[in-house]
Amino acid sequence: QAQLVESGGGLVQGGGSLRLSCAGSGRTFSSYAMGWFRQAPGKEREFVAAINWSGRDTYYADSVKGRFTISRDNAKNTVYLQMNSLKPEDTAVYYCGAGSVGRDSSKYDYWGQGTQVTVSS
């Protein structure tokens, strides 16, 4: 059974860094675009970053551009999200997805269970 598992979340002070990982299993995700989304309490899930199958093309929400970097290692079936200069407003559950590249979560076929990121002020 294909699945995605996120890890690397936690509590960090504002200005700090975290690196999230999303490991795929049960099938290879190397032909899929991968994306990171987040959902804060009381808010809808929002796009954070996406990367195409080869890793050549990346896309970011304006709110994270210049602070977050998405990357992938197809040999490890894993996608990463390096988050620097974290702000309290980055606090959310972060989800990775696999599907067609884009900002629309409905285009993603597989989802992980999420990992909590909390940024203190």
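Two strands pair if DSSP finds at least two bridges between them, and strands themselves (E, at least two residues) are DSSP runs numbered from the N terminus, as are helices (H or I, at least four residues). Keep in mind that this is a predicted model, where local features need pLDDT of at least 70, side-chain atom pairs count only at pLDDT 80 or more, and totals for chains, interfaces and linings use all residues. Residues are numbered from 1 along each chain as its sequence is written, and side-chain values use heavy atoms, with hydrogens and water left out.

**Exercise 1. Find the neighbours of strand E8.**

Task: work out which bridge partners Ala 23 and Phe 68 have in E8.

Solution:
- Start with E3 (residues 18-25), which runs antiparallel to E8 and is joined to it by 6 bridges. Ala 23 has Thr 78 as its bridge partner in E8.
- Now take E7 (residues 68-73): 6 bridges join E7 to E8, again antiparallel. Here Phe 68 is matched with Met 83 of E8.
- Look at the turn too. E7 and E8 make a hairpin with 4 residues between them, and Asn 77 in that turn has a positive phi of about 55°.

**Exercise 2. Explain the burial of E8.**

Task: say why E8 counts as largely enclosed.

Solution:
- Get the cut-offs straight: buried means under 20% relative accessible area, exposed over 50%, and partly exposed in between (1.4 Å probe, protein chains only).
- Count along residues 78-83: 5 of the 6 residues of E8 are buried, so the rest of the structure largely encloses this strand.
- For the whole protein chain, buried residues make up 43% of the 121 residues.

**Exercise 3. Place Gly 8.**

Task: locate Gly 8 and list what it touches.

Solution:
- Gly 8 sits in the loop between strand E1 (3-7) and strand E2 (10-13).
- Its relative accessibility is 34%, so Gly 8 counts as partly exposed.
- With contact meaning heavy atoms within 4.5 Å, and leaving aside residues up to four places away in sequence, Gly 8 touches Leu 18, Arg 19, Leu 20 and Thr 115.
- Arg 45 is 37 residues from Gly 8 in sequence and 19 Å away in space, C-alpha to C-alpha.

**Exercise 4. Step back to the whole chain.**

Task: describe the make-up and extent of the protein chain.

Solution:
- Tally the elements: there are 0 helices and 11 strands.
- Box it: along the principal axes, the C-alpha atoms fill roughly 40 × 25 × 25 Å.
- Check the contacts: of those with a separation of 6 or more, 57% come from residues 24 or more positions apart.
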